[in-house]
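Here is my notebook from an afternoon of looking things up. Have the sequence and the 3D view open while you read along.

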Amino acid sequence: MVGTDKLPPIEENVPLSELTTLGVGGPACYLACCRTGGELAALLAWARERDLEVFILGGGSNVLVSDAGFDGLVVQLIDETVEFVEQGEGVLVRAAAGADWDGLVARAVAVGLGGIECLSGIPGRVGAAPIQNVGAYGQEVSQTIEGVEVVELETGESQRLTAAECGFDYRYSHFKGRWRGRYAVTRVDFLLSLATAGAVKYSDLARRFAAGSPPTLRQVRDAVLEIRRAKSMILDADDPNRRSAGSFFVNPVVTAARVEELRQSVQGSMPAFPAGRGRVKLSAAWLIEQAGFRRGLRRGRAGLSSRHVLALINRGGATARELVALAAEVQAGVEQTFGIRLRPEPVFLGFAGDDPLADGGIG
Ligand code: NAP
């Protein structure tokens, strides 16, 4: 059990729309920031005494808050400490949950540590990275995570989980499944290796570099940032597509037999990538476009990004209800066309049930 420190200030009735990149949703009943394990323990005890649910909010880049808001305590972990410790051939990077994700990638690249350079430009904080095993351009955080330090919300106990215990899979971990709502991630330990060349696994990236000597970590980072910016996948205050939660749906992973069935019914070539254990990953964006949804589609104040069909956007003043209705429309369209039900990627907060799209309905 962590000793409790002084209770940090707790604000009441705080608009959550300002703390999320989608910019929709109602207020949190209570909100507090904490820097130490002791402060977190004090906040958890405070919430327990009042029988309040606790939600840990990171950078708010992957959350859709309901219009009614959240009837509990939202906690933001603001410790940004990052330590680099030499370990064998590599370096153990111990990053507190509140550290900025892209800042961590930039520091790693600057000191010649490889393993996360393709994850440049992803918004959010370190604590969120293991939750859905964040990945991009062929790298995912589970490939470098050594361990995850957590605090159990119910008891305030802290413990360290190994990567194997976290059950990492494609855009998934137990934090999204059987442990949902159980832990706050307080620190993530990454084992990075000294490297000169960056990883180039996707053709989008490979196209940027001439054949010959492999690109440096810095060159790979810069190329990823450029590609992401062109798709409005970097936070930019001047971008009309900026109010989004990035990709709204996860690429579906299906059996090889299912892919063969689909190939009989679709025209042209369908993107499909090996996903391990005989499974195949399909492109959610491709399925959405083939089901008839176009970039820039508008539904009231909600819409699809003009640069990426996978990003649902708040065009200005949208409600959570409008966004969920559009997501349900896209989900139903893909299901009718291909018989595949897309799984949403963001975390839903303040909806009755965990996921307002679970039955294709509006929460
Ligand atoms: P894209 O480059 O348009 O490619 C479409 C899809 O095809 C991607 O989702 C990607 O799967 C897959 N793909 C392409 N080349 C591949 C290859 N050589 N091997 C395996 N799979 C391949 O994708 P995008 O939507 O613009 O996204 C770019 C990258 O950013 C992707 O890696 C995407 O996952 C990532 N991203 C991640 C998050 C997140 O983790 N929360 C959010 C937004 C974007 P993968 O998605 O599996 O890579």
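Which residues do ring pairs link into a cluster? I found Phe248, Phe249, Phe348 and Phe351 joined in this way. Rings of Phe, Tyr and Trp (its six-membered ring) pair if their centres lie within 6.5 Å; planes under 30 degrees apart count as stacked, over 60 as edge-to-face and the rest as tilted.

**Ground rules**

I am working with a predicted model, in which local features need pLDDT of at least 70 and side-chain atom pairs count only at pLDDT 80 or more, while totals for chains, interfaces and linings use all residues. Residues are numbered from 1 along each chain as its sequence is written, and side-chain values use heavy atoms, with hydrogens and water left out.

**Entry: a member of the cluster**

I looked up Phe248 and found its place in the loop between α4 (217–230) and β14 (253–255). Helices (H or I, at least four residues) and strands (E, at least two) are DSSP runs, numbered from the N terminus. Is Phe248 buried or exposed? Phe248 counts as buried because its relative accessibility is 0%. The cut-offs I use are these: buried means under 20% relative accessible area, exposed over 50%, and partly exposed in between (1.4 Å probe, protein chains only). I also checked Phe248 against Arg263: they are 15 residues apart in sequence and 25 Å apart in space, C-alpha to C-alpha.

**Entry: more rings**

I searched the whole structure and got 11 aromatic pairs. One of them is Phe175 with Tyr183, an edge-to-face pair at 6.3 Å centre to centre with 80° between the planes. Phe175 has a relative accessible area of 7%, so it is buried. Tyr183 counts as buried because its relative accessibility is 11%. Tyr183 also pairs edge-to-face with Trp179, at 5.5 Å centre to centre and 90° between the planes. Both Trp179 and Tyr183 are buried.

**Entry: the ligand**

Next I turned to the ligand and counted 18 residues around it. The closest are Tyr170, Tyr202, Lys231, Asn251 and Lys281. A residue is near a molecule if one of its heavy atoms lies within 4 Å of it. What is the make-up of this shell? I sorted it into 6 nonpolar, 5 polar and 7 charged residues. Here Ala, Val, Leu, Ile, Met, Phe, Trp, Tyr, Cys and Pro count as nonpolar, Asp, Glu, Lys and Arg as charged, and the others, Gly among them, as polar.

Then I listed some polar contacts, meaning pairs of N or O atoms within 3.5 Å. A polar side-chain atom of Asn251 lies 2.6 Å from an oxygen atom of the ligand. For His308, an N or O atom in the side chain is 2.8 Å from a ligand oxygen. Tyr137 takes part through its backbone, with a polar atom 2.9 Å from an oxygen of the ligand. How much of the ligand does the protein cover? The protein covers 81% of the 790 Å² of accessible area that the ligand has on its own. Such areas come from the Shrake-Rupley method with a 1.4 Å probe.

**Entry: strand β7 and its partners**

Strand β7 spans residues 90–96, and 6 of its 7 residues are buried. Two strands pair if DSSP finds at least two bridges between them. I found 6 bridges joining β7 to strand β6 (residues 82–87), and the two run antiparallel. Glu86, for instance, has Val91 in β7 as its bridge partner. β6 and β7 form a hairpin with 2 residues between them, and Gly88 in the turn has a positive phi of about 60°.

β7 also pairs with strand β13 (residues 183–194), again in the antiparallel sense, over 7 bridges. In β13, Ser193 is the bridge partner of Gly90. Phe190 has its place in β13 too. Phe190 counts as buried because its relative accessibility is 1%.

**Entry: two asparagines with positive phi**

Asn13 is not a glycine, yet it has a positive phi of about 55°. I located Asn13 in strand β1 (residues 10–15). Asn13 counts as exposed because its relative accessibility is 56%.

Asn133 has a phi near 50°, also a positive value in a residue other than glycine. I located Asn133 in the loop between β8 (113–114) and β9 (135–136). Asn133 counts as buried because its relative accessibility is 0%.

Technical notes:
Polar contact = N/O pair within 3.5 Å; in protein donor to acceptor, adjacent residues only side chain to side chain.
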